[in-house]
Amino acid sequence: MAASRTAEVVRETKETQIRVTVDLDGTGVSKVSTGVGFFDHMLESFARHGGIDMTVETKGDLHIDMHHTVEDTGIVLGLAIAKALDGFKGVRRFGHAYIPMDETLTRCALDLSNRPYLVWKVAFQRPKVGEMDTELFKEFHHAFAMNCGACVHLETLYGENSHHIAESGFKALARALRQAVELDPKTLGHAPSTKGVL
Ligand SMILES: O=P(O)(O)OC[C@@H](O)[C@@H](O)c1cnc[nH]1
């Protein structure tokens, strides 16, 4: 019986108080509450398409703006997934996904290298989606990648609608991650790296 790949991370600052739980071998059931409706929708989509059971409880200083809420949630979600992966042993390590949403096509390629990096080739035609500033989506993806230990390349190949561009990005990240965290019989028991450790 494989060890459970679950984790809980709690992070409290003067700006945000966040609790995240993940189960990497779930079926994408989520309970999300950040105080930002569109962001909740994106995180629910991330859980569903990542096949990750997830709870996200974020209380942030929204009276200032949404920046801390969105960025810090990305930090804690990244930390929780890295904690559940427990040294990346036995996983595929690499994942990629192409996600169409109507007129939009987005690509994500991801490496659980433990050398975190973000290549962001996503542009929006509108400053907001719902009540969210579109500039915050990069903040989330950057915070997530840095704290998950993932090298993430996310690119909108083409698209117009800002909802589709944002959501296809969360779906592409989720589907690429889902592939990367799959257990690989060829790497069980050791890290998938020629240097012997990630
Ligand atoms: O996961 P789906 O793409 O089936 O739908 C999710 C929901 O976001 C969908 O209603 C949507 C369609 N266009 C923008 N959003």
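**Glutamate 8 and the sheet around it**

Glutamate 8 counts as exposed because it has 12 C-beta neighbours inside 10 Å, and a residue is called exposed if that number is 12 or fewer. The model described here is a predicted one. Within it, glutamate 8 belongs to strand 1, which covers residues 6–12, and strand 1 is in turn an edge strand of an open sheet of four strands.

**Surroundings of glutamate 8**

- Once its neighbours within four places in sequence are left aside, glutamate 8 is in contact with Thr21 and Ala80.
- Arginine 126 lies 118 residues away from glutamate 8 in sequence, and the C-alpha to C-alpha separation of the two in space is 35 Å.

**The sheet**

- The four strands of the open sheet follow the order 1-2-4-3, and their pairing is mixed.
- Strand 1 and strand 3 (30–33) form the edges, each of them pairing on one side only, while the twist from one strand to the next averages 5 degrees.
- Seven bridges join strand 1 to strand 2 (residues 16–23), and the two strands pair in the antiparallel sense.
- Arginine 11 has isoleucine 18, a residue of strand 2, standing opposite.

**The helices against the sheet**

- Helix 1, made up of residues 37–50, lies across strand 3 and strand 4 (53–60), and runs at about 160 degrees to strand 3.
- Helix 2, made up of residues 67–85, packs on the sheet and touches strand 1, strand 2 and strand 4; the direction of helix 2 makes about 35 degrees with that of strand 2.

Note on methods: Residues numbered from 1 in each chain as written. Predicted model: local features only at pLDDT ≥ 70, side-chain atom pairs only at ≥ 80, totals over all residues. Buried ≥ 20, exposed ≤ 12 C-beta atoms within 10 Å, placed from the backbone. Contact = placed C-beta atoms within 7 Å. Pairing = 2+ DSSP bridges. Axes fitted to C-alpha atoms, helices over the stretch in contact; angles between N-to-C directions.
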